[in-house]
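Please guide me through the strand pairing in this protein, and then through the surroundings of one loop residue. A formal account in running paragraphs would be suitable.

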Amino acid sequence: MGDMKKNSFVIGLLALAVLMQAGCDYVGGDAKAEGVPEYVFTYAENQAEGYPTTEAAHYFSDLVYERSGGRIKIDVHSAGSLGDEVAIIEQLQYGGLDFARASIMTMGEFIPKINVLQLPYLYNDSDHMWDVLEGDIGQEFMESMEEHSLIALSWYDAGTRDFYTTQKITNLEELKGKRIRVAKSEFMEKMVAALGATPVAMDYSEVYSALELGQIDGAENNWPSYEFTEHYKVAKYMLLDEHNRIPELQLISQITWNKLSEEDRKIIKDCAEASSVYEQQLWKEQVEASKKKAVEQGTVVTTLTSQERQRFREAVIPIYEELSPEYGELIKRIIAAEK
């Protein structure tokens, strides 16, 4: 939250610029009759073009335009051009932006309950996570976004997160003391510290040079991010521990939502759900392609044994105990949700 306050002036200027460039604009009267869209909205995406979530955002935009008969146009701005995720979420809350895709890792910084969904080693596999997200629990989380001036449209996949390092890691002892980059997230810092490593919070854009210069010993992320940023060139050892599955949400500002008719809301919601199915398929394909490319470039993959994985699970029990007084029943429901 501190970063949000500090950057509020810059964010305000950016939001104003976005609005001047037609974000959240309404065009009516004769313009509509001439074939100009009735609405022009802005969608913020911090990943690069070609990345699964970015491609799904374009798919969503195209689908909305088609199904609305050209009345609703959504301009997708990728590669973080409208700010980082913290700034983007704040802009959504007061209507400076209309749509965005955001990680629950970022959202957990100011919506503590959502951190439950990213507990380390929580899900047995991908099917277990989707049973949670597409069931009653996932719906409850989506509905709760309204308390924060956000409307959740659909879930996106972001795969599993693993550790990659400059030296080979095969067990808990070898991870201890290693300087591991994490996103600017108190929750992720606690997780890395619980495993005995030293968390180093920094922007993702700084990771490559930090690895190259030896300022950190490794980082953690999913396969597509590892490959897209070419981190395999400076950290070729990948430890498949699958410590997190961190889903993402496609969001619309509640202010924008309130301007829409029931008909337009249904179009947007249906298209968002269709884009979720599309993104999940793209994600699976991209993970395999990224893994293949990284390995071909020399990445050495180590998979934890079942015994060692259990030791990793036991190391993070204090994180569960910290959340248990308030969210213990919810955690039990998640664990039991696998069909």
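In this predicted model, Ser-154 has Gln-250 of strand E11 as its bridge partner. This bridge belongs to the pairing of strand E5 (residues 150–156) with E11, which is antiparallel and extends over 6 bridges. Strand E11 also pairs with strand E4 (residues 99–103), again in the antiparallel sense, over 5 bridges. In that pairing, Phe-99 stands opposite Ile-252 of E11.

The surroundings of E11 may be considered next. Strand E11 covers residues 248–253, and because 6 of its 6 residues are buried, the strand is largely enclosed by the rest of the structure. In a regular strand, side chains alternate between the two faces of the sheet. In E11, Glu-248, Gln-250 and Ile-252 point one way, whereas Leu-249, Leu-251 and Ser-253 point the other way. The residues of both sets are buried.

A further sheet is open and consists of 6 strands in the order E8-E7-E9-E6-E10-E12, with mixed pairing. Its edges are formed by strand E8 (198–201) and E12, each of which pairs on one side only. On average, neighbouring strands of this sheet are turned by 35 degrees against each other, direction ignored. Within the sheet order, E7 is followed by E9. Strand E7 (residues 179–182) and strand E9 (residues 218–221) pair in the parallel sense over 2 bridges, and Arg-181 has Ala-219 in E9 as its bridge partner.

A helix accompanies these strands. Helix H10 (residues 186–194) lies across strand E6 (160–165), E7, E8, E9 and strand E10 (237–245). Relative to E8, helix H10 runs at about 155 degrees.

The edge strand E12 leads to the loop residue. Thr-299 lies in the loop between helix H14 (262–296) and strand E12 (300–303). Is this residue buried or exposed? Thr-299 counts as buried because its relative accessibility is 6%, and the cut-off for a buried residue is under 20%. Its side chain is joined to that of Tyr-226 by a polar contact of 3.0 Å. When residues up to four places away in sequence are not counted, Thr-299 touches Trp-223, Tyr-226, Tyr-232, Lys-236, Met-238 and Ala-294. Tyr-226 thus appears both in the polar contact and among the residues that Thr-299 touches.

Key:
Residues are numbered from 1 along each chain as its sequence is written. This is a predicted model: local features need pLDDT of at least 70, side-chain atom pairs count only at pLDDT 80 or more; totals for chains, interfaces and linings use all residues. Side-chain values use heavy atoms; hydrogens and water are left out. Helices (H or I, at least four residues) and strands (E, at least two) are DSSP runs, numbered from the N terminus. Buried means under 20% relative accessible area, exposed over 50%, partly exposed in between (1.4 Å probe, protein chains only). A polar contact is a pair of N or O atoms within 3.5 Å; within protein, one must be able to donate a hydrogen and the other to accept it, and residues adjacent in sequence count only if both atoms are side-chain atoms. Contact means heavy atoms within 4.5 Å. Two strands pair if DSSP finds at least two bridges between them. Axes are lines fitted to C-alpha atoms, for helices over the stretch in contact, and angles run from 0 to 180 degrees between N-to-C directions.
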